[in-house]
Amino acid sequence: MAVATVKVSGLDDLKRKLAAMSKEVKAEVQIALEKSGAEMVATAKALAPVDEGELRASITMTTAGGSTPIFGGGGRTKVGDLAVRVTAGDNFVRYAAIVEFGRDSEPHMAARPFFWPAYRTLKKRIKSRNARAVNKAVKKAIR
């Protein structure tokens, strides 16, 4: 039986660079996500109808590792790595979805969308920002 031994020089260095690249890419992408989340919050607040300002004030961003407000978009949800979550509603503002989508039952209320129009307005910009962040981090890590 023949046995061949292959030794790859620089493998440890390559592994170290790949691990560093992963951390740098994650950091760059998280920064881009937080910038996009802040922009989404600002746009949704600008579009939100204002009576007393409570709905507008309830629009927030939760960053990686945090938990969303209990009545904000799905209840208390932990935000994972490489993510942000923008929500409307909190313990005092439980009607964000009714304002966004309206209500057919009594008392009737016409929809006054603010959240999804903000997302649709920024969707392309958010995707582009994230792609640029990944490309920038990868190029930086390769050097």
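**Exercise 1. A shared partner**

Which residue forms a salt bridge with R129, and how far apart are the closest N and O atoms? Work out where the two partners sit and whether a further residue joins them.

*Solution.* Before we start, keep in mind that this is a predicted model.

Step 1. The partner of R129 is E39, and their closest N and O atoms are 3.0 Å apart.

Step 2. Now place the two residues: E39 belongs to helix 1 and R129 to helix 4, so the pair links parts of the chain that are 90 residues apart.

Step 3. Look for other pairs. A search of the whole structure gives 2 salt bridges. E39 also forms one with R125, where the closest N and O atoms are 2.3 Å apart. This pair, too, links distant parts of the chain, with E39 in helix 1 (residues 11-47) and R125 in helix 4 (residues 115-142), 86 residues apart.

Step 4. Check how covered each residue is. E39 counts as buried because its relative accessibility is 17%, and buried means under 20%. R129 is buried as well. R125, at 47% relative accessibility, counts as partly exposed.

Step 5. Put the pieces together: through salt bridges that share partners, E39, R125 and R129 form one network. As a general point, side chains of opposite charge can pair when their charged atoms come close.

**Exercise 2. The overall plan**

Describe the order of helices and strands, and then the surface of the chain.

*Solution.* Step 1. Count the elements: the chain has 4 helices and 2 strands.

Step 2. Follow them along the sequence, and the pattern reads α-α-β-β-α-α.

Step 3. Turn to burial and surface. Of the 143 residues in the chain, 29% are buried. The accessible surface is about 9,800 Å², and carbon and sulfur atoms account for 58% of this area.

Step 4. Consider contacts between residues at least 6 apart in sequence: 49% of these join residues at least 24 apart.

**Exercise 3. Following helix 4**

Where is the kink in helix 4 centred, and which residues of this helix are buried?

*Solution.* Step 1. Begin with length. Helix 4 has 28 residues and reaches 39 Å from its first C-alpha to its last, close to the 40 Å expected at 1.5 Å a residue.

Step 2. Find the bend: a kink of about 50° is centred on L122.

Step 3. List the buried residues of helix 4, which are F115, A118, L122, I126, R129, N130, A133, A137 and A141. L122, the centre of the kink, is thus among the buried residues.

**Exercise 4. From helix 1 to the strands**

Trace the neighbours of G37, V86 and T62.

*Solution.* Step 1. G37 lies in helix 1 and counts as buried, at 4% relative accessibility. Leaving aside neighbours within four places in sequence, G37 is in contact with M61, V84 and V86. The C-alpha atoms of G37 and I126 are separated by 8.7 Å, although the two residues are 89 apart along the chain.

Step 2. Move on to V86, found in strand 2 (residues 84-87). V86 is buried, with a relative accessible area of 16%. Not counting residues up to four places away in sequence, V86 touches G37, M40, V41, I59, T60, M61 and F115. Its C-alpha atom is separated by 4.3 Å from that of M61, 25 residues away along the chain.

Step 3. Finish with T62 in strand 1 (residues 60-63), which is buried at 9% relative accessibility. Beyond its neighbours within four places in sequence, T62 is in contact with S67, T68, P69, V79, V84 and R85.

**Exercise 5. Two backbone details and a surface patch**

Which peptide bond is cis, which residue has phi near 50°, and which residues form a nonpolar patch on the surface?

*Solution.* Step 1. Most residues other than glycine have a negative phi, and most peptide bonds are trans.

Step 2. The bond from E106 to P107 is cis, with omega near -15°. P107 is placed in the loop between helix 3 and helix 4.

Step 3. L82 has a positive phi, near 50°. This residue sits in the loop between strand 1 and strand 2 and is partly exposed, with a relative accessible area of 40%.

Step 4. The patch consists of F101, W116 and Y119, with about 320 Å² of accessible area together. F101 is in helix 3 (residues 96-101) and counts as exposed, at 56% relative accessibility.

Terms used. Residues are numbered from 1 along each chain as its sequence is written. This is a predicted model: local features need pLDDT of at least 70, side-chain atom pairs count only at pLDDT 80 or more; totals for chains, interfaces and linings use all residues. Side-chain values use heavy atoms; hydrogens and water are left out. Patches are made of residues with over 30% relative accessible area and no salt bridge: like charges are joined within 9 Å, nonpolar side chains (Val, Leu, Ile, Met, Phe, Trp, Tyr) within 5 Å. Accessible areas come from the Shrake-Rupley method with a 1.4 Å probe; for residues, only the protein chains shown count as cover. A salt bridge is a side-chain nitrogen of Lys or Arg within 4 Å of a carboxyl oxygen of Asp or Glu. Buried means under 20% relative accessible area, exposed over 50%, partly exposed in between (1.4 Å probe, protein chains only). Contact means heavy atoms within 4.5 Å. The expected span of a helix is 1.5 Å times one less than its number of residues. The bend at a residue is the angle between axes fitted to the seven residues ending there and the seven starting there.
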